[in-house]
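Subject: Handing over a model, with notes on what was found in it

Dear colleague,

I am passing on the structure we spoke of, and I would be grateful if you would look it over with the notes below beside you. The sequence and coordinates come first.

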Amino acid sequence: MSYSVAGDWGTSNLRLYRIENGAVTDRAAGPGIGDLGGKTPEQVLRHALEGWRTEADPRAIHLCGMVGSRNGWIEIPYVDCPADAAIWAAGSAHALIDRIPVTIGAGLACTRASGAPDVMRGEETQIFGAMARVPGLAAGRHLIALPGTHSKWASVDDGRVTGFQTFVTGELFALLRTHSTLTRAASDDGAAEDEATGFDAGLARIADGGQLLGALFEARAAQLRTAASGRWARGFLSGLVIGAEIAEILPAATGDITLIGDPALADRYVRALAARGLSATVHTGEACSLAGLALLETP
């Protein structure tokens, strides 16, 4: 049976989807661009496709993410904002692997109001995919947030991404959790509900005017002086960094905000936004990625 392959190839993971008649019929995975284990991108892709190619080769492969970065397979120039789906798709690059046509989507670049540059690779596919799935997002002005290692907040105006800002919230939380002393002072890890309590406390600390750097050490001090658990401390740190991100974006946050990403992480952002009186609608990252990759298909 004829099929195509869509894939999101980021720094940490390769996620491939077998598409037949517009539906996902199977999935495959592989290492991210950041650690290919000494292999070339072509070798990794061939290995990930092996199980499907025993039957037949795909008619086409569509990829997005860091595969198109300087450290990826083919470096693709960023498409400058403002950009709509057609402008973005026109910036794609094309290659062959064993005579199979491969299309790799470009990233987006913008200049913030401050004059600072910003870039994204992969998230733009989800943004354009969300607009394809929900046509209302392609009309009027919207704020679309993509929580993750490097969270993106994109402004969309009548289907065009006009600009965006990146926050290293997820990366900062991972560093604090893994490589700092801030969550290691408690004598026990605590109950599961402690993390939610700590998260709400972190949100409140920022909402009350707390500054992120001045509040971080409270995670450790609370364990030493108030018997707070390790889970509470992790939740508190998460609340602080997400709360600080929301506080920074707050002046631009109006109306219902569109969140795209992992449901569990998106739920934390929904709670953080609700604490500021803002509503949000959540869309899964996988569904939006697939819809965006479909836009790269040639007629």
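The notes that follow take up open and enclosed space, then the cores, then the strands and helices, and finally some backbone details.

Please keep in mind throughout that this is a predicted model.

Pocket and cavity

Rolling a probe the size of a water molecule over the atoms shows where empty space is left. The largest pocket found in this way has a volume of about 1100 Å³, and its lining is made up of 33 residues, with D8, R15, E123, G148 and T149 lying nearest the centre. In character, that lining divides into ten nonpolar, 15 polar and eight charged residues. Several elements take part in it, since at least two lining residues are supplied by each of β2 (13–20), β9 (117–120), α3 (123–133), β13 (257–261), α9 (263–274) and α10 (285–294).

As to enclosed space, a search of the whole structure turns up one cavity of 30 Å³ or more. The largest cavity has a volume of about 50 Å³, and the residues that line it are L203, I206, A207, G243, A272, A275 and R276. Helix α5 (residues 193–207) gives the largest share of this lining, namely three residues, and the lining as a whole divides into five nonpolar residues, one polar and one charged.

Nonpolar cores

The largest nonpolar core has 52 residues, and within it L16 and L108 are the ones with the most contacts. Helix α1 (residues 41–53) contributes the largest share of this core, which amounts to five residues. Apart from it lies another core, of 32 residues, which includes F199, A215, L240 and L259.

L108 deserves a closer look: leaving aside residues up to four places away in sequence, its contacts include Y78, V79, C81, A83 and W88, together with D118, V119 and M120, and also E124, F128, V161 and F164.

Strands and helices

L108 also belongs to strand β8 (residues 108–111), which is joined to β9 by four bridges, the two strands running antiparallel; within this pairing, C110 stands opposite D118 of β9. These two strands are part of an open sheet of three, in the order β5-β8-β9, with mixed pairing. Because β5 (79–80) and β9 stand at the edges and have a single partner strand each, one side of each is left without a neighbour in the sheet.

Helix α3, named above for its part in the pocket lining, has nine of its eleven residues buried, so it is largely enclosed by the rest of the structure. The buried residues are E123, E124, T125, Q126, I127, F128, G129, A130 and M131, and E123 is also one of the residues that lie nearest the centre of the largest pocket.

Strand β13 is likewise listed among the elements of that lining, and five of its five residues are buried. Both of its faces are covered, with I257, L259 and G261 buried on one side and T258 and I260 buried on the other. Two bridges join β13 to strand β10 (residues 141–146), the two running parallel, and there A145 stands opposite L259. With strand β14 (residues 280–284), β13 pairs in the parallel sense over five bridges, and the bridge partner of T258 in β14 is T281.

Backbone details

Most residues other than glycine have a negative phi, and most peptide bonds are trans. Against that background, you may wish to note the peptide bond from C81 to P82, which is cis, with omega near 5°; P82 lies in the loop between β5 and α2 (85–90).

N21, which is not a glycine, has a positive phi of about 55°. Its place is in the loop between β2 and β3 (23–31), and because its relative accessibility is 76%, N21 counts as exposed. A227 is not a glycine either and has a positive phi of about 65°. A227 is found in the loop between α7 (218–225) and α8 (230–249), and at 69% relative accessibility, over the 50% cut-off, A227 counts as exposed.

With kind regards

Notes: Residues are numbered from 1 along each chain as its sequence is written. This is a predicted model: local features need pLDDT of at least 70, side-chain atom pairs count only at pLDDT 80 or more; totals for chains, interfaces and linings use all residues. Side-chain values use heavy atoms; hydrogens and water are left out. On a 1 Å grid over the protein atoms alone, a cavity is a set of points where a 1.4 Å probe fits but cannot get out, and a pocket is an open set with protein on both sides within 12 Å along at least five of seven lines; lining residues have an atom within 4 Å of a point. Grid points are joined across faces, edges and corners, and a volume is the space filled by probe spheres set on the points. Ala, Val, Leu, Ile, Met, Phe, Trp, Tyr, Cys and Pro count as nonpolar, Asp, Glu, Lys and Arg as charged, and the others, Gly among them, as polar. A nonpolar core is a set of buried Ala, Val, Leu, Ile, Met, Phe, Trp, Tyr and Cys residues joined through side-chain atoms within 4.5 Å. Buried means under 20% relative accessible area, exposed over 50%, partly exposed in between (1.4 Å probe, protein chains only). Contact means heavy atoms within 4.5 Å. Two strands pair if DSSP finds at least two bridges between them.
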